[in-house]
Amino acid sequence: MFSYCTDPQTLSGLTWLSCYLTTGKHMAFYVSFGTVLLLLAITAPTALLFGFGGAAAARSRIAPVSWLGKGYIAIVRGVPDIAFFLFFVIALDQAFEWTRHQVLCPDWSEPIRQGNDFVVCPQAKLPLGDAPQWVHETYGFFVAVLTFAIVFGAFAANVLFGAMRAVPHAQLETAAAYGMTRRQTFWRILVPQMWVYALPGLSNLWMVLIKATPLLFLLGVEDIVYWARELGGTANPRFTDYPHGDWRMWYFLALLVFYLAFTRVSEIFLERLMQKLTHGQATTGGEAQRKAPA
Amino acid sequence: MKKIILSTAALAFSASFAMAQDVVRMGTEGAYPPWNFINDSGEVDGFERELGDELCKRAELTCEWVTNEWDSIIPNLVSGNYDVIIAGMSITDERDEVIDFTQNYTPPDPSAYLAMSEDVDLQNGVIAAQSGTIQAGYIAEQGATLVEFATPEETIAAVRNGEADAVLADKSFLTPVAEEDPDLMIVGPDVALGGGVGMGVRESDTELKETFDAAIQSMKDDGSLNELIKKWDVASTF
């Protein structure tokens, strides 16, 4: 990185550290923080969308739709995360490839399952075999996002389902009395009011999601915990210009600070959001806000 | 008969297709020096990096390197996320049932114990090993108490902090560790395990297997494989 870094053996103290902390490997470590934040930024709204869909389906008057929503919530919530991540991602990837295979290679004569192997025609591969590495990584990342969204969506669905039932029934009856259709009642009365009941549960989920990101490496995405373990491990002088002992403690300490700071910022933000959502609601919180001197 | 001819034609067609795209993805662990590790600039390095690049050059393939967690390295191969495992993987019967191996590129080599003192009880003590390795399988059979870890680094750390009495791993991996740390030493007799290290490919990928077999053979024949083994000090030579 810096011009004086050409011969690290002669360096010491802060100069050594400045070179050490700017190696390509460390840069990958810093980038992985961005990966984690990006994952959270995309996963949270997607999971909320899945959750909303699941909750709305579970409430449906049409029995099969309701079964679908309830089944989704029950099954995904019941399966351990790690099992889900290990099995589901590979299954999901294969499902995509199988579908593409059926569409793109109708003339293919060989079986797709050959013993343990899963073989589709080269055109159906996702990403294509000759795609550059970054395409593979991006694809892996989005499969990860989708998996996280499905898992956390199920929990969010359960929270939202409860929140929808928590909205005072009188509100809905009043809407009906005014002649609103079920659809209108849902969108104009129920949904705007349910968030205040959903937020405590959702904020919990957000915190769990932040901490669940190390599962990323199971999916082949190199996240901050992977790099911290890799960089902190004993570095033998035979294989690196920057030998050091077992420094994992320091790297994990840095992660600890990162996670704590991140959850703290989230808490502050969620607290403000709660204040805003409570405004004008028929809850004790809303009542307190109303009575407070303006 | 007609069917056989047809399917051979289809096979030849598909094979030429596979050759046309020419990119072979090489899956490795990146945490097992000197075999494979991530170097300072964040790239895969080590004996297998150099070997793999040379083999690809000889086979006229374009190769790309991918790292994957050891535990899921075989499932990701068979589901097609990469095409080859080149990760210091010993050829064993159990693995051979799931995937295919090329011929070995290092001879069967001893494993060794690393411990904090000479007088540890290797028969009945607590021995660390990386999960899913031949060493872990061996300890489980021997009756010593096995503690498994996901990465090689953690097995060494377990010995340092006293969680395990010793660690069993490839001798080529443990020797540089023992040289570097005065507290750690190789103890007890060497243990002969496995049938050498080879590249893992999908069972359906016979074409690729043969290509790499030929490339490895050519490196064995002209002695360049032995030079590479000596350079990285990973094993005995052929």
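Before anything else, a definition: two residues are in contact if their C-beta atoms, placed from the backbone, lie within 7 Å. I will use that word throughout, and please keep in mind that what we are looking at is a predicted model.

Let me apply the definition straight away to one helix of chain B, namely α7, which covers residues 171-180. In this helix K171(B), S172(B), F173(B), L174(B) and V177(B) are buried, and the elements that cover these buried residues include β2, β8 (110-115), α6 (152-160), β11 (166-170) and β12 (185-192) of chain B. For anyone new to helices, an α-helix has 3.6 residues a turn, so residues three or four places apart point the same way.

Now let me step back to chain B as a whole, which contains nine helices and 13 strands. Its radius of gyration is 19 Å, and because this is close to the 18 Å that the globule rule gives for 238 residues, chain B is as compact as a globular protein of that length. The C-alpha trace of chain B spans about 70 × 35 × 30 Å along its principal axes, and 48% of the 238 residues are buried. If we take the contacts in chain B with a separation of 6 or more, residues 24 or more positions apart account for 70% of them.

A single residue can make this less abstract, so let us look at L51(B), which is found in helix α2 of chain B. Is L51(B) buried or exposed? It is buried, because 25 other C-beta atoms lie within 10 Å, and the cut-off for being buried is 20 or more. Leaving aside residues up to four places away in sequence, L51(B) touches Y105(B) and L228(B). I would also point out I86(B), which is 35 residues away from L51(B) along the chain, while the C-alpha atoms of the two are separated by 9.5 Å.

How far should we trust chain B? The mean pLDDT of chain B is 86, and 91% of its residues reach 70 or more. Over residues 4-21 of chain B, however, pLDDT stays under 50, and for this stretch the model has ten contacts beyond four places in sequence. Where pLDDT is low, the predicted coordinates should not be read in detail. For the model, the scores are ipTM 0.74 and pTM 0.79.

There are also some backbone details in chain B that I would like you to find on the screen. Most residues other than glycine have a negative phi, and most peptide bonds are trans. Against that background, the peptide bond from P33(B) to P34(B) is cis, with omega near 0 degrees, and P34(B) sits in the loop between β2 (31-32) and β3 (36-38). E60(B), which is not a glycine, has a positive phi of about 55 degrees; this residue lies in the loop between α2 (47-58) and β5 (62-67), and it counts as exposed because it has 10 C-beta neighbours inside 10 Å. D233(B), again a residue other than glycine, has a positive phi near 60 degrees; its place is in the segment after α9 (224-232), and with 12 C-beta neighbours inside 10 Å it counts as exposed.

Let us turn to chain A, whose secondary structure comes to ten helices and two strands, running from the N terminus as α-α-α-α-β-β-α-α-α-α-α-α. Chain A has a radius of gyration of 25 Å, whereas a compact globule of 294 residues would have one near 19 Å. Its C-alpha trace spans about 80 × 70 × 30 Å along the principal axes, and buried residues make up 30% of the chain.

Which two helices of chain A should you look at? I suggest α5 (residues 133-166) and α7 (residues 182-212), whose axes come within 8 Å and cross at roughly 145 degrees, in a right-handed crossing. Among the residues making this contact are F152(A), F155(A) and V159(A) of α5(A), together with L190(A), M194(A) and Y197(A) of α7(A). The residues of the contact divide into 15 nonpolar, one polar and no charged.

Finally, we come to the place where the chains meet, a contact that takes 36 residues from chain A and 33 residues from chain B. On the side of chain A that touches chain B, α2 (24-59), α4 (81-104) and β2 (117-118) each supply at least two residues, and the residues of that side divide into twelve nonpolar, 14 polar and ten charged.

Methods
Residues are numbered from 1 along each chain as its sequence is written. Chains are lettered from A and ligands numbered from 1 in the order in which they are written. This is a predicted model: local features need pLDDT of at least 70, side-chain atom pairs count only at pLDDT 80 or more; totals for chains, interfaces and linings use all residues. Helices (H or I, at least four residues) and strands (E, at least two) are DSSP runs, numbered from the N terminus. The radius of gyration is taken over C-alpha atoms; the globule rule is 2.2 Å times the number of residues to the power 0.38. pLDDT is the predictor's confidence in each residue, from 0 to 100. Axes are lines fitted to C-alpha atoms, for helices over the stretch in contact, and angles run from 0 to 180 degrees between N-to-C directions. A crossing is left-handed if the near helix is turned anticlockwise from the far one by less than a right angle, and right-handed if clockwise. Ala, Val, Leu, Ile, Met, Phe, Trp, Tyr, Cys and Pro count as nonpolar, Asp, Glu, Lys and Arg as charged, and the others, Gly among them, as polar.
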